[in-house]
Amino acid sequence: EAEAERKRQEEAEAERKRQEEEAEAERKKQEEEAEAERKKQEEEAETEKKRQEEEAEAERKRQEEEERQRHLAVLALKHAQDEAERKKHEEEEEEKRNHLAALALKHAHDEAERKRQEEAEAEAERKRQEEAEAERKRQEEEAEVERKRQEEEAEAERKRQEERKRQEEEAEAERKKQEEE
């Protein structure tokens, strides 16, 4: 009976160690998965940030080019007006001058409408970027919450393992005490 009891205790001890090793392996696996997920989300966030920066740079250049074109258009308009003024007293140029003035008015109207549309598009783009930034922050916050949750679960599992180990050690001590008695 003593030999059977000794073998049973050895088997129990081996089983306890096996469970501890499985728990440790599971904890490490969860930590590695959490770290991999965190890195992936950080990379995605960085990629999104770079994309938005590139879009913003492209938009800035586009607006600069449009501003240059507007400036050229203003200069052209001014030149046309000066030319019409110079020919004000030339009767044979009266019809041509009136025609240029009409074209200039139409150009100014078209330019104002184009500017209004551009401003509306720029505002829409700004809102889209703000929404994208808010979405990125929301994803980062969700990732942080998930990481903390996994860390808390891992800590709780470690404490459970420690408590079980302590109880087993107490049981082992009690068994030895009973054997000695």
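**Exercise 1. How the helices pack**

Task: Decide how helix α1 and helix α2 are oriented relative to each other in this predicted model.

Solution.
Step 1. Two packed helices are described by the angle between their axes and the distance between the axes.
Step 2. Locate the elements: α1 covers residues 2-86, and α2 covers residues 94-180.
Step 3. Read off the geometry: the packing angle is about 170°, and the axes lie 10 Å apart.
Step 4. Angles over 145 degrees count as roughly antiparallel. Therefore α1 and α2 are roughly antiparallel to each other.
Step 5. Sort the residues in the contact of α1 with α2 by class: 27 are charged, 12 are nonpolar and 11 are polar.

**Exercise 2. The overall form**

Task: Determine whether the protein is a compact globule or more spread out than one.

Solution.
Step 1. List the secondary structure: the protein has two helices and zero strands.
Step 2. Compare the radius of gyration with the globule rule. The protein has a value of 39 Å, while the rule gives 16 Å for 181 residues. The value is well over the rule, so the protein is more spread out than a compact globule.
Step 3. Check the box along the principal axes: the C-alpha atoms fill roughly 135 × 15 × 15 Å.
Step 4. Add the burial: 13% of the 181 residues are buried.
Step 5. Consider the contacts with a separation of 6 or more: 86% of them are between residues 24 or more positions apart.

**Exercise 3. Residue Q9**

Task: Classify Q9 as buried or exposed, and find its partners.

Solution.
Step 1. Place the residue: Q9 belongs to helix α1.
Step 2. Apply the cut-off. Buried means under 20% relative accessible area. Q9 has 16% relative accessibility and therefore counts as buried.
Step 3. Find the touching residues: leaving out those up to four places away in sequence, Q9 touches R175 and E179.
Step 4. Find the polar contacts of the side chain. One, of 2.8 Å, joins it to the side chain of R175. Another, of 2.9 Å, is made with the side chain of E5.

**Exercise 4. Residue Q150**

Task: Work out the exposure class of Q150 and what it touches.

Solution.
Step 1. Place the residue: Q150 is part of helix α2.
Step 2. Between 20% and 50%, a residue is partly exposed. Q150 has 24% relative accessibility, so it counts as partly exposed.
Step 3. Set sequence against space: Q150 and E33 are 117 residues apart in sequence, and their C-alpha atoms are 9.7 Å apart.
Step 4. List the contacts: apart from residues up to four places away in sequence, Q150 touches Q30 and A34.

Methods:
Residues are numbered from 1 along each chain as its sequence is written. This is a predicted model: local features need pLDDT of at least 70, side-chain atom pairs count only at pLDDT 80 or more; totals for chains, interfaces and linings use all residues. Side-chain values use heavy atoms; hydrogens and water are left out. Axes are lines fitted to C-alpha atoms, for helices over the stretch in contact, and angles run from 0 to 180 degrees between N-to-C directions. Helices (H or I, at least four residues) and strands (E, at least two) are DSSP runs, numbered from the N terminus. Angles under 35 degrees count as roughly parallel, over 145 as roughly antiparallel, 65 to 115 as roughly perpendicular and the rest as oblique. Ala, Val, Leu, Ile, Met, Phe, Trp, Tyr, Cys and Pro count as nonpolar, Asp, Glu, Lys and Arg as charged, and the others, Gly among them, as polar. Buried means under 20% relative accessible area, exposed over 50%, partly exposed in between (1.4 Å probe, protein chains only). Contact means heavy atoms within 4.5 Å. A polar contact is a pair of N or O atoms within 3.5 Å; within protein, one must be able to donate a hydrogen and the other to accept it, and residues adjacent in sequence count only if both atoms are side-chain atoms. The radius of gyration is taken over C-alpha atoms; the globule rule is 2.2 Å times the number of residues to the power 0.38.
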